[in-house]
Amino acid sequence: MSALLEAASLSKTFFSEHNALPAVCNVSFSVAPGECLGLAGASGCGKSTLARLLMGLTPADSGTVSFNGQPLDFADAALRKNYYSQVQLVFQNAAAAFHPRKSIGSSIMLPMLNYGCTKAAAQERSIALLLAAGLTPQHAEKFPHQLSGGECQRAAIARAISIKPRLLICDEITSALDVQTQAEIIQLLLKLQAETKMSLLFISHDITIVQEICQRILIMQSGTIIESGPALDIITRPQQHYTRELVTAAFNLTKI
Ligand SMILES: Nc1ncnc2c1ncn2[C@@H]1O[C@H](COP(=O)(O)OP(=O)(O)OP(=O)(O)O)[C@@H](O)[C@H]1O
Ligand SMILES: [Mg+2]
């Protein structure tokens with residue numbers, strides 16, 4: 001099956017006064033239509049930088065991102081707008097992703113209005129989305145600071161899927177949540193993915209969560225993808241020493 005999203009040799013180095021920090025080094029991978037792909041690795045290995053490169057939020061030093069076989073030029077506003085109608089990103093800190101003085105309902109409506117939906121249709125769909133995300137129509141009237149972290153993350157997911165993206169990139173979306181809420185958000189994502197058949201790129205330092213959601217996992221270390229394969233193989237037969245340590249540490253911790 002041809003790739004929906006393809007990253008080819010993406011690299012990004014951050015420079016400070018005295019140091020060069022290669023955050024993403026020559027990373028290549030693809031996401032197939034409808035696939036749930038995981039990206040796991042320790043804190044600081046470059047996962048969020050890679051997500052930002054895929055969204056054009058951080059410019060790559062080299063390499064390309066292609067969508068539907070077309071290489072993207074993030075400087076082209078029309079191409080960018082079309083890309084963002086098909087690829088959405090949800091961050092760890094959902095509260096910060098919402099405008100503090102806009103109601104949750106109007107924030108959820110915004111992408112739909114930007115992409116040509118009428119106000120009445122956007123309003124109706126935002127209520128349906130809140131319900132689908134396990135919230136209530138009353139949440140539409142609230143402001144971000146009036147929602148819990150889990151509710152905010154549900155609202156962020158509702159907003160991201162409002163324009164029916166073909167790929168949803170989730171960057172540590174459960175990291176700030178308690179275990180029960182983490183499980184609920186995972187169930188929500190799995191339900192929405194099954195309903196919409198969208199692709200997922202699920203990014204987390206926690207490989208136990210990644211393997212619950214994803215069929216295939218990429219392992220990142222120091223900016224490089226060091227191993228990739230079916231989730232079951234990565235968990236039960238890791239090839240790289242680093243992956244073995246990541247898996248052992250994660251599952252030992254879970255058992256405690
Ligand atoms: N804008 C920036 N300027 C300078 N250095 C940066 C910048 N963004 C990230 N870095 C550095 O790049 C490296 C990778 O950071 P990144 O946020 O991509 O890691 P991560 O894998 O997402 O970590 P975490 O699991 O903690 O979210 C880190 O060493 C970080 O300090
Ligand atoms: Mg990160």
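Helices here are DSSP runs of H or I with at least four residues, strands are runs of E with at least two, and both are numbered from the N terminus. The model is predicted, so local features need pLDDT of at least 70 and side-chain atom pairs count only at pLDDT 80 or more, while totals for chains, interfaces and linings use all residues. Residues are numbered from 1 along each chain as its sequence is written, chains are lettered from A and ligands numbered from 1 in the order in which they are written, and side-chain values use heavy atoms, with hydrogens and water left out.

**Exercise 1. Place Leu57 and Ala97, and state whether each is buried, partly exposed or exposed.**

Step 1. Leu57 sits in the loop between α1 (47–55) and β4 (62–67). Buried means under 20% relative accessible area, exposed means over 50%, and partly exposed lies in between (1.4 Å probe, protein chains only). Leu57 has 39% relative accessibility and is therefore partly exposed.

Step 2. Ala97 belongs to helix α3. Its relative accessibility is 30%, so Ala97 is partly exposed.

Step 3. Leu57 and Ala97 are 40 residues apart along the chain, with 14 Å between their C-alpha atoms. Leu57 and Phe74 are 17 residues apart in sequence, with a C-alpha to C-alpha separation of 8.8 Å.

**Exercise 2. Describe the largest pocket: its volume, its lining and its position relative to the domains.**

Step 1. The search uses a 1 Å grid over the protein atoms alone; a pocket is an open set of points with protein on both sides within 12 Å along at least five of seven lines, as opposed to a cavity, where a 1.4 Å probe fits but cannot get out. Lining residues have an atom within 4 Å of a point. Grid points are joined across faces, edges and corners, and the volume is the space filled by probe spheres set on the points. By this reckoning the largest pocket holds about 520 Å³.

Step 2. Its lining consists of 21 residues, and those nearest the centre are Tyr84, Gln88, Leu89, Pro111 and Arg159. Two or more lining residues come from each of α2 (77–84), β6 (87–90), α3 (94–97), α4 (104–114) and α6 (149–161). The most come from α4, which gives 4 residues.

Step 3. For the chemical classes, Ala, Val, Leu, Ile, Met, Phe, Trp, Tyr, Cys and Pro count as nonpolar, Asp, Glu, Lys and Arg as charged, and the others, Gly among them, as polar. The lining of the largest pocket then splits into 14 nonpolar, 4 polar and 3 charged residues.

Step 4. Domain bounds come from an automatic or database domain assignment. The largest pocket lies between domain 1 (5–86 + 167–255) and domain 2 (97–164), because both give residues to its lining.

**Exercise 3. How many disulfides does the structure have, and why is Cys170 not bonded to Cys214?**

Step 1. A disulfide is a pair of cysteine sulfur atoms within 2.5 Å. The whole structure has 0 disulfides.

Step 2. The closest cysteine sulfur to that of Cys170 is in Cys214, at 9.0 Å, which is too far for a bond. For Cys214, the nearest cysteine sulfur is that of Cys36, 5.9 Å away, and Cys214 is in no disulfide.

Step 3. Cys170 is buried, with 0% relative accessibility. Cys214 is buried as well, at 5%.

**Exercise 4. Compare the settings of Asn26 and Glu172, two residues with positive phi.**

Step 1. Most residues other than glycine have a negative phi. Asn26 is not a glycine, yet its phi is positive, at about 55°. Glu172 also has a positive phi, near 55°.

Step 2. Asn26 is in strand β2 (residues 20–31), whereas Glu172 is in the loop between β7 (167–171) and α7 (179–196).

Step 3. Asn26 is exposed, at 53% relative accessible area, whereas Glu172 is buried, at 9%.

**Exercise 5. Locate Pro238 and Asn252 and give their accessibility.**

Step 1. Pro238 occupies the loop between α9 (231–236) and α10 (241–255). Its relative accessible area is 12%, so Pro238 is buried.

Step 2. Asn252 is in helix α10 and is partly exposed, with a relative accessible area of 38%. Asn252 and Asp206 are 46 residues apart in sequence, and their C-alpha atoms are 12 Å apart.
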